[in-house]
Amino acid sequence: MTVEVLTAGQVMSRVLVAVKAAESPLMAWELMRRAGVHHLPVVDGRRVLGVLTREELAASWSGGPQEQSTRHVRDLLGRDRRPQVHPETSLTAAAGVMLDAGLDAVPVVSGAGLIGLITVRDVLAAVAGRLSPAQQTSEVLTGMFHLEPVLPKRTEPVLPAQSWRQA
């Protein structure tokens, strides 16, 4: 099969890890780390708000775990339009969308919402003729738990330093 006839639905990654828009950057980082992914679709119900990259997440990091647990990933996406493609979009058109937007991943959406993600790696695999057989169904996994930082509790009051004099 030549690259010219391939579609986004044939090339996309189908098993995804996504994060809910109201989750924290701390949760997003943990999901990326545990799943070993570099792109994390941000979803609000069935709607895809954008794709968060490890680089964007790292660049926005400020403060410690407590500060990160009180922010939301939706705020890291900015106001820029985040392009999406449909499963029937040709691979060449999807690659053009990625180039025009300066992105290395775009979500693939249908009436049911997020069904896949096309990354530069997927495009390269298709060009190299190394497509894996497409699965019939997509599986999108989202964070179903909430991470809270555990800070040590002080059990003893801190006393002011005392001056000691030698006699």
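**From one exposed arginine to the whole chain**

Arginine 34 counts as exposed, with a relative accessibility of 60%. The cut-off for that word is over 50%, so arginine 34 qualifies. The model shown here is predicted. Arginine 34 makes a good starting point for a walk through it.

Which residue does arginine 34 pair with? Glutamate 30 forms a salt bridge with arginine 34. Their closest N and O atoms are 2.4 Å apart. Side chains of opposite charge can pair when their charged atoms come close. Both glutamate 30 and arginine 34 lie in helix α2. They sit 4 residues apart, about one turn of the helix.

Is glutamate 30 buried or exposed? Glutamate 30 is buried, with a relative accessible area of 14%. Buried means under 20%, so glutamate 30 falls in that class. Arginine 34, in contrast, is exposed at 60%. The salt bridge between glutamate 30 and arginine 34 thus has one buried partner and one exposed partner.

Glutamate 30 has another partner in arginine 33. Here the closest N and O atoms are 2.6 Å apart. Arginine 33 also shares helix α2, residues 25–35, with glutamate 30. The spacing is 3 residues, again about one turn of the helix.

Now move along the chain to aspartate 44. The side chains of aspartate 44 and arginine 47 meet in a salt bridge, at 3.8 Å from N to O. Aspartate 44 is partly exposed, at 41% relative accessibility. Arginine 47 is exposed, at 51%. Back in the earlier group, salt bridges that share partners join Glu30, Arg33 and Arg34 into one network. The count of salt bridges comes to 4.

Next, the overall layout. The chain has 6 helices and 6 strands. From the N terminus on, the elements run α-β-α-β-β-α-α-α-β-β-α-β. Helix α2, with its charged residues, is one of these elements.

Among the strands, take β4, residues 105–110. How many of its residues are buried? In β4, 5 of the 6 residues are buried, and the strand is mostly covered. Strand β5, residues 113–119, runs antiparallel to β4. The two are joined by 6 bridges. One of the pairings sets valine 108 against glycine 116 in β5. Between β4 and β5, a hairpin makes the link through 2 residues.

Loops matter to the picture too. Where does aspartate 75 lie? Aspartate 75 is in the loop between α4 (65–69) and α5 (91–101). It is exposed, with a relative accessible area of 56%. Aspartate 75 and serine 24 are 51 residues apart in sequence. In space, their C-alpha atoms are 9.7 Å apart.

Contacts across the chain can be put into numbers as well. Take those between residues at least 6 apart in sequence. Of these, 63% join residues at least 24 apart.

Last comes the surface. Of the 167 residues in the chain, 36% are buried. Glutamate 30 is one of the buried residues. The chain exposes about 10,900 Å². Carbon and sulfur atoms supply 53% of that area.

Conventions: Residues are numbered from 1 along each chain as its sequence is written. This is a predicted model: local features need pLDDT of at least 70, side-chain atom pairs count only at pLDDT 80 or more; totals for chains, interfaces and linings use all residues. Side-chain values use heavy atoms; hydrogens and water are left out. Buried means under 20% relative accessible area, exposed over 50%, partly exposed in between (1.4 Å probe, protein chains only). Contact means heavy atoms within 4.5 Å. Accessible areas come from the Shrake-Rupley method with a 1.4 Å probe; for residues, only the protein chains shown count as cover. Two strands pair if DSSP finds at least two bridges between them.
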